[in-house]
Amino acid sequence: MHTDLIINGQQIQGQALSFAVINPANESVIAEVASASAGQVNDAVRTALQAFKAWKNVSDDAVKQAFAKIAADIRAEKDEIAQLITLEQGKTIGMAQFEVDAGASWIDYLSGLDIPVETIQEPKGKTIKVYNRPLGVVASVTPWNWPFMIAVWHIFPALKTKNCVINKPSEYTPLSTIKLVEIINRHVPAGVCSIVLGKGEIGQALTEHADVAKVTFTGSTRTGQSILSHSVSSLKSVVLELGGNDAGIVLADADVERTAQGIFASAFLNAGQTCAALKRLYVHESVYEALTEKLVQIANAQVIGDGANPEVTFGPVQNKMQYDKVNALIADAVARGGQVLTASKALPDHGYFIAPALIANVQEGIALVDEEQFGPVLPIIKFNAVDEVLERSNNTQFGLGGSIWSTDLAKAEQIASQMETGTVWINSHSDLSPAAPFGGWKLSGLGYSFGLEGLLLFTHKQAVHISG
Ligand code: NDP
């Protein structure tokens, strides 16, 4: 297991204080990792700038070949990477394998994209060619919920557009990202992709750095706002993928069986720790009883435990901070009249385990409904009029995603047009596509990821006017 920084292609030990990486399934220390010093962050940026001089002119074919080799290595080392993800993050081994597979497929998709050159022919004969040029050094700061996949989402668009990139993973889950950057460094020149380790202040030192041209960040709204405020002096380009409080709206004509399966899979995906998970459920009164009964059955059937055990279907929450936050939200909801529908379960003595909880008899105005829980608890709210529920679902500072569950697709599309969110799903939720732009409205984000549109946010436009 590697625990070092990778700067200019070299594995180097951090020069600042160490921090422990904890297995959330049993609270044991998996690794001690030394943080980068401020000087090492500077080294990473300086060597990336140096590497950029050649990498910005690398051929498209060379990038494609490097991506193919990286994806092949990831697939060949899938089991090792998945084990690392489960160890540090807590998700089940099957979900960790999915994370690795999805990462490799994302690289394949990006590899197949072509960076367009637009040609404008002016009536008087002048030709204008519009190029998408690389920016320089990109800083990527990633969170602890999908550490490997989100690192792929940040790093590969940067590399595809011929930028150099430096990642700072979450202090809670650095190990699978170190492995990813180690694999990448087998196939790209030194300095093109580096990783610095440490807590939030290292993220801040990196993202504030005057020679960083762009920041791509996934995490909390609070940290995203801080990054944006620090980008002003150097006018950095910033893409922020932040929190959400996605509503799911189940209409009277929904297929209850399929809807229950889909809702559970989204709301409790990765023990609920997913930015685009379903986080508030509104159910039409005519299907409320049938749907909640089915959801309770699915929740009660989960096998809770260490995700490394293949029989386990539900892992722990990733860290103590989140464990305390989610438990406090549940306690507060119950104190305000919320009714826990799910059975209480015996949980392991150690580890940050919370059984999946469905909570009824709650409304807006309590923290569990109004805030992002980011954990294994779902508030369920009964409604009877679509107009009213639309207003309630939009009445939030977040705007990441939302979903409508119905057999009437035309009606569902009409409701989708009224939702104030960057993504709307019909009869699913959370399933992202590398081809579709993904970004939050309101306090859920700034800019887009994915698709050609997201990719081109890693470039400057350059218009070359050619007169004959
Ligand atoms: P943060 O936003 O603090 O962490 C995300 C990343 O930002 C981590 O790598 C973190 O490092 C880094 N970071 C922290 N402070 C700074 C800073 N000032 N400048 C640059 N980088 C920084 O999230 P938390 O871990 O505190 O989680 C809080 C809440 O955020 C959760 O409860 C959840 O609601 C939401 N969240 C949303 C995620 C999403 O996918 N949209 C992912 C994670 C959290 P380090 O961890 O080492 O401090």
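The largest pocket has a volume of about 950 Å³. This is a predicted model.

**Pocket lining**

In total, 37 residues line the largest pocket. Those nearest its centre are Trp144, Gly219, Ser220, Arg222 and Thr223. Four elements each give two or more residues to this lining: α7 (200–208), β10 (214–218), α8 (221–230) and α11 (320–335). Helix α8 provides the largest share, with six residues. By class, the lining of the largest pocket holds 17 polar residues, eleven nonpolar and nine charged.

**Surface patch**

Trp441, Tyr448 and Leu457 make a nonpolar surface patch. Its area is about 260 Å². Tyr448 sits in a loop. That loop runs between β21 (445–446) and α15 (451–456). Tyr448 counts as partly exposed because its relative accessibility is 33%, and partly exposed covers the range between under 20% (buried) and over 50% (exposed).

**Helix α14**

Glu413 belongs to helix α14, which spans residues 409–416. The relative accessible area of Glu413 is 55%, so Glu413 is exposed; the cut-off for exposed is over 50%. Glu413 and Ile426 are 13 residues apart in sequence. In space, their C-alpha atoms are 7.7 Å apart.

**Accessibility of two residues**

| Residue | Location | Relative accessibility | Class |
|---|---|---|---|
| Tyr448 | loop between β21 and α15 | 33% | partly exposed |
| Glu413 | helix α14 | 55% | exposed |

Notes. Residues numbered from 1 in each chain as written. Predicted model: local features only at pLDDT ≥ 70, side-chain atom pairs only at ≥ 80, totals over all residues. Heavy atoms only, no water. Patch = residues over 30% accessible without salt bridge, like charges linked within 9 Å, V, L, I, M, F, W, Y side chains within 5 Å. Areas by Shrake-Rupley, 256 points an atom, 1.4 Å probe, with all protein chains shown as cover. Salt bridge = Lys/Arg side-chain N within 4 Å of Asp/Glu carboxyl O. Buried < 20%, exposed > 50% of the residue type's maximum accessible area, 1.4 Å probe, protein only. 1 Å grid on protein atoms, 1.4 Å probe; cavity = no way out; pocket = protein on both sides within 12 Å on 5 of 7 lines; lining within 4 Å. Points joined across faces, edges and corners; volume = space filled by probe spheres on them. Nonpolar A, V, L, I, M, F, W, Y, C, P; charged D, E, K, R; others polar.
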